[in-house]
Amino acid sequence: AWPALFGRVQALLRSARLQEDLREECGQAVLVRVWRYRSSYRGASAAELAAWMNRITRNEISRVAARTA
C-alpha cells in the first residue's frame, strides 16, 4: 500500500505548486505525521484513509506556505 499512499501525497504536493525542495520537505513532514499518528487513525475504508491523508497534506502545505511567505 505504501507506493499508492506515497503517490497520493506526491500528487497533492504537485498540485500545490510548491518549489521542488519545499515539496520534498513537505512530503517528508506528511509521511512522518502519518506514521506518528497511525495508531490513532480510526478510519475503516480506503476513502477515509485518503481523506485523512489529504487533510494532513493540506495542513503541511499551509504550514510550509506560511513559513516561506
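What follows is a short tutorial dialogue on reading a predicted model of a three-helix protein.

Me: Before anything else, where is confidence lowest and where is it highest in this protein?

Reply: Start with the general caution: where pLDDT is low, the predicted coordinates should not be read in detail. Here the model is predicted, and the protein averages a pLDDT of 89, with 99% of the residues scoring at least 70. By element, H1 has the lowest confidence, at a mean of 86, and H2 the highest, at 91.

Me: Okay. What does the secondary structure come to?

Reply: Three helices and zero strands. Going from the N terminus, the order is α-α-α. H1 covers residues 2-15, H2 residues 20-36, and H3 residues 46-68.

Me: What radius of gyration would a compact globule of 69 residues have, and what does the protein have?

Reply: The rule puts a compact globule of 69 residues near 11 Å, and the protein has 12 Å, which agrees. For the outline, the C-alpha atoms fill a box of roughly 35 × 20 × 15 Å along the principal axes. The accessible surface comes to about 4,800 Å², and 53% of that belongs to carbon and sulfur atoms. As for the inside, buried residues make up 26% of the 69.

Me: How much of the contact pattern joins residues at least 24 apart?

Reply: Take the contacts between residues at least 6 apart in sequence: 64% of them join residues at least 24 apart.

Me: Let's go helix by helix. What span should H1 have, and how far apart are its ends?

Reply: The trick is to count 1.5 Å a residue. For the 14 residues of H1 that gives 20 Å, and the end C-alpha atoms are 20 Å apart, so the two agree. H2 passes the check too: its 17 residues should span 24 Å, and its end C-alpha atoms are 24 Å apart.

Me: Why would buried residues in a helix recur three or four places apart?

Reply: An α-helix has 3.6 residues a turn, so residues three or four places apart point the same way. Now look at H1, where Leu5, Val9, Leu12 and Leu13 are buried. They cover an arc of only 100° around the axis, which puts them on the same side of H1. The face turned away from that side carries the exposed residues Pro3 and Ala4. As for partners, the buried residues of H1 pack against H2 and H3.

Me: And which residues are buried in H2?

Reply: Leu22, Cys26, Gly27, Val30, Leu31 and Val34. Seen down the axis, they fall within an arc of 165°, so they line one face of the helix. Turned away from that buried side are the exposed residues Glu24, Gln28, Trp35 and Arg36. The buried residues of H2 pack against H1 and H3.

Me: What sign does phi usually have, and what about Arg17?

Reply: Most residues other than glycine have a negative phi. Arg17 has a positive phi, near 60°, and is not a glycine. Arg17 follows H1 and sits in the loop between H1 and H2. Is Arg17 buried or exposed? At 76% relative accessibility, Arg17 counts as exposed, because the cut-off for that is over 50%.

Me: Now H3. Is Thr57 buried or exposed?

Reply: Buried means under 20% relative accessible area, so you just compare the value with that cut-off. Thr57, in helix H3, is at 0% and counts as buried. Leaving aside neighbours within four places in sequence, Thr57 is in contact with Val9, Leu12, Leu13 and Val30. Val9, Leu12 and Leu13 are among the buried residues of H1, while Val30 is one of those in H2.

Me: Glu60 has a carboxylate-bearing name, so where does it lie, and is it buried or exposed?

Reply: Glu60 lies in helix H3 and is buried, with a relative accessible area of 6%. Beyond its neighbours within four places in sequence, Glu60 is in contact with Cys26, Ala29, Val30 and Arg33. Two of those, Cys26 and Val30, are listed among the buried residues of H2.

Me: One last residue: what is the relative accessible area of Ala50?

Reply: It is 12%, so Ala50 is buried, and this residue is also found in helix H3. For a distance to try in your viewer, the C-alpha atoms of Ala50 and Ser62 are separated by 18 Å, with the two positions 12 residues apart along the chain count.

Notes: Residues are numbered from 1 along each chain as its sequence is written. This is a predicted model: local features need pLDDT of at least 70, side-chain atom pairs count only at pLDDT 80 or more; totals for chains, interfaces and linings use all residues. Side-chain values use heavy atoms; hydrogens and water are left out. Helices (H or I, at least four residues) and strands (E, at least two) are DSSP runs, numbered from the N terminus. Buried means under 20% relative accessible area, exposed over 50%, partly exposed in between (1.4 Å probe, protein chains only). Contact means heavy atoms within 4.5 Å. The expected span of a helix is 1.5 Å times one less than its number of residues. The arc is that of the directions from the helix axis to the C-beta atoms. pLDDT is the predictor's confidence in each residue, from 0 to 100. The radius of gyration is taken over C-alpha atoms; the globule rule is 2.2 Å times the number of residues to the power 0.38. Accessible areas come from the Shrake-Rupley method with a 1.4 Å probe; for residues, only the protein chains shown count as cover.
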